[in-house]
Protein chains: 2
Amino acid sequence: MTTPGASSQQPASRRIAEDLRTDIESGQLSPGDKLPSERALAEQYGAARNTAREAIRILAEQGLVTAQQGRGVFVREPQRLFRFGSDRYSLKNRETGLTPFRLEAKRQGKEARIEVVSIERETPPRDVAERLKVPADEASVVHRENHYFADDEPVQIVSTFLRWDEAQGTLLMQPKTGKHGIYGRLEELGHVMTRVRDEISTRMPTPEEAAVLGLLSGVPVLEVLHTSLDQDGVPFEVSRYVHRGDQTGLLYELPVE
Amino acid sequence: MTTPGASSQQPASRRIAEDLRTDIESGQLSPGDKLPSERALAEQYGAARNTAREAIRILAEQGLVTAQQGRGVFVREPQRLFRFGSDRYSLKNRETGLTPFRLEAKRQGKEARIEVVSIERETPPRDVAERLKVPADEASVVHRENHYFADDEPVQIVSTFLRWDEAQGTLLMQPKTGKHGIYGRLEELGHVMTRVRDEISTRMPTPEEAAVLGLLSGVPVLEVLHTSLDQDGVPFEVSRYVHRGDQTGLLYELPVE
DNA sequence: GCCAGTCACTGGCTTAAGCCAGTTGAACAT
DNA sequence: ATGTTCAACTGGCTTAAGCCAGTGACTGGC
């Protein structure tokens, strides 16, 4: 057999995983359904329990199933996505008096909660320093870290970086930043958000991120490095958003120039 | 010990993985470096080989290392991202006579190659049907599937959906679509791309995608569901882009309204 | 100088067995 | 009816052992 075809010649664990995947995709196993137990699968295929276990691990890594100790392995439920639209930066939203996140949550009938984790003067990471045009070798920024929840489910981790020389001694150093949030304060400092630049990438979460966001294995994160530019094209704020991939999506609507 | 602190009380495999992760993050192990062999790790920690192996699997799942049979396990090299800017839809780019992808590749000094996998009349997936405003229960679309390569490395899978009633009998059904590609033909049909709507999400690849893109474990994909709207706000093209997460990023620059 | 064979080393995969820790429901006692 | 106990089940993790398949360097033979 030199047939590079597909099915034969491949490890038993993969074969079992593929069979199960087929069952899931065909609808023979629906979201929420329980898979056969590891021991049952092993017997069914005449394999060791570890081999069946490995098959389930493969599916978990693909984000198809989740195991719960003592209960079983279940087909993962597709989650409704929490969409962050590009209009989250829109000035129109100011009128509602809600921050973009609260607005987005309300739109989807969820309760928003924001936890201020820390506000500290720091030396910026390189990528942030480059975009904010500040030195990367001194404590040139204020770093505000927030965790965002929707209906008490953690949804995103946000790190906001502001120039220390601007934020020093203002409400930007406080948990409560006042009317219209940090963008309100930044406007008072002469920065009207005119353009934004979002750099988007994806990766697997760090263990810390997985813990904070409560991520199961097989769930990546979306990382957005956001830069706000004012009326003069000056970058005045950089934020790093880390979204959980299983419940979050982004939406960009823009004119073609 | 009820200390939920951190380190103690956790499985040996995780402890080993954490130690290695620390070594990698501290720079004690640099990108490209070889980790100790499974057998060496096992002995070093007084554990079974399977336990050391499990530790390495954890790191691989996090995208930190890759194993190569017969050679060893290596710290993954950070890859330069292939950035797709929002100006990829720009009309200005028409003048160069290059398609957006070729332009992007050229900008980064890579050689672009596009492989036309299939062009077929099909029943559209639900999400596509909704966005293109065509029936989801009949063969109402043409599906063009392309694979994109940069320097012979697969970079993205693109599925483009067009209305069958418009594409029928035109160059849109052919591999070679003529000057300015499909957007050139669609303009002749009266659709000038005026706004775009990109819905972005992330997930782990399917086995097929992993095979086409040559993805190692621990690498997610970026999925973009793109809709082109014409001067009358009519959707005339929907594409699904599947990008490899380890080499691809997206960039959106937009005005704040 | 070149090539081929060999061997020690790597990860890939499986088996078989055992103990642990959550979960659940049925049997039992109140 | 209510609550408790317990046994049978689930996955979580580890050990110990073995065979396979790539890799690469070293060793001869030509």
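**Figure 1. The surface near DNA strand D draws on both chains of this predicted model.** Its residues divide into seven nonpolar, ten polar and four charged. In total, 21 residues surround DNA strand D. The closest are Ser37(A), Pro11(B), Ala12(B), Ser13(B) and Gly70(B). Four elements each supply at least two residues of this surface. Chain A offers α2 (38-45) and β2 (72-75). Chain B offers α1 (12-26) and α3 (49-61).

**Figure 2. The surface near DNA strand C takes residues from chain A and chain B.** Which residues come nearest to DNA strand C? They are Pro11(A), Ala12(A), Ser13(A), Gly70(A) and Ser37(B), out of 21 around the strand. Here α1 (12-26) and α3 (49-61) come from chain A, while α2 (38-45) and β2 (72-75) come from chain B. Each of these elements supplies at least two residues. By class, the surface near DNA strand C holds seven nonpolar, ten polar and four charged residues.

**Figure 3. Residues 10-78 of chain A carry a UniProt domain annotation.** The unreviewed UniProt entry labels this stretch "domain: HTH gntR-type". Over residues 10-78, chain A is 52% helix and 12% strand. The C-alpha atoms at the two ends of the stretch are 29 Å apart.

**Figure 4. Chain A is divided into two domains, 12-75 and 82-251.** Domain 1 of chain A is the 12-75 part, and domain 2 of chain A is the 82-251 part. Their C-alpha centres lie 39 Å apart. How many residues of each domain are in contact? Five residues of domain 1 of chain A touch four residues of domain 2 of chain A. On the domain 1 side, the residues in contact divide into one nonpolar, three polar and one charged.

**Figure 5. Strand β6 of chain A pairs with β5(A) and with β9(A).** Strand β6(A) spans residues 153-163. Eight of its eleven residues are buried, so the strand is largely enclosed by the rest of the structure. Strand β5(A), residues 141-150, runs antiparallel to β6(A), and ten bridges join the two. His147(A) stands opposite Ile157(A) of β6(A). Strand β9(A), residues 235-244, also pairs with β6(A) in the antiparallel sense, here over six bridges. In this second pairing, Ser159(A) stands opposite Arg240(A). In a regular strand, side chains alternate between the two faces of the sheet.

**Figure 6. Asp151 takes a positive phi in chain A and in chain B.** In chain A, Asp151(A) belongs to the hairpin of β5(A) and β6(A), with two residues between the strands. Its phi is near 50°. In chain B, Asp151(B) is found in the loop between β5 (141-150) and β6 (153-163). Phi of Asp151(B) is near 50°, a positive value in a residue other than glycine. Is Asp151(B) buried or exposed? Asp151(B) is exposed, because 12 other C-beta atoms lie within 10 Å, and the exposed class covers 12 or fewer.

**Figure 7. Lys133(A) has a positive phi in a loop.** The loop runs between α5 (126-132) and β5 of chain A. Phi of Lys133(A) is near 55°, and the residue is not a glycine. Lys133(A) has 13 C-beta neighbours inside 10 Å, so it counts as partly exposed.

**Figure 8. Helix α7 of chain B packs against two strands.** Helix α7(B) spans residues 181-188. Which of its residues are buried? They are Gly181(B), Ile182(B), Tyr183(B), Arg185(B) and Leu186(B). These buried residues pack against β6 and β9 (235-244) of chain B. Gly190(B) follows the helix, with a positive phi near 95°. An α-helix has 3.6 residues a turn, so residues three or four places apart point the same way.

**Figure 9. Chain A and chain B are in contact.** The contact takes 35 residues from chain A and 34 residues from chain B. On the chain B side, β7 (195-203) and β10 (248-255) give two or more residues. The largest share of that side, nine residues, comes from β7(B). By class, the chain B side has 15 nonpolar, eleven polar and eight charged residues. Strand pairing also crosses between the chains: β7(A), residues 195-203, and β10(B) pair in the antiparallel sense over six bridges. Arg197(A) has Glu253(B) of β10(B) as its bridge partner.

Note on methods:
Residues numbered from 1 in each chain as written. Chains lettered and ligands numbered in written order. Predicted model: local features only at pLDDT ≥ 70, side-chain atom pairs only at ≥ 80, totals over all residues. Buried ≥ 20, exposed ≤ 12 C-beta atoms within 10 Å, placed from the backbone. Pairing = 2+ DSSP bridges. Near = placed C-beta within 6 Å. Nonpolar A, V, L, I, M, F, W, Y, C, P; charged D, E, K, R; others polar. UniProt positions renumbered as here; feature names shortened; annotations may be inferred. Contact = placed C-beta atoms within 7 Å. Domains from an automatic or database assignment.
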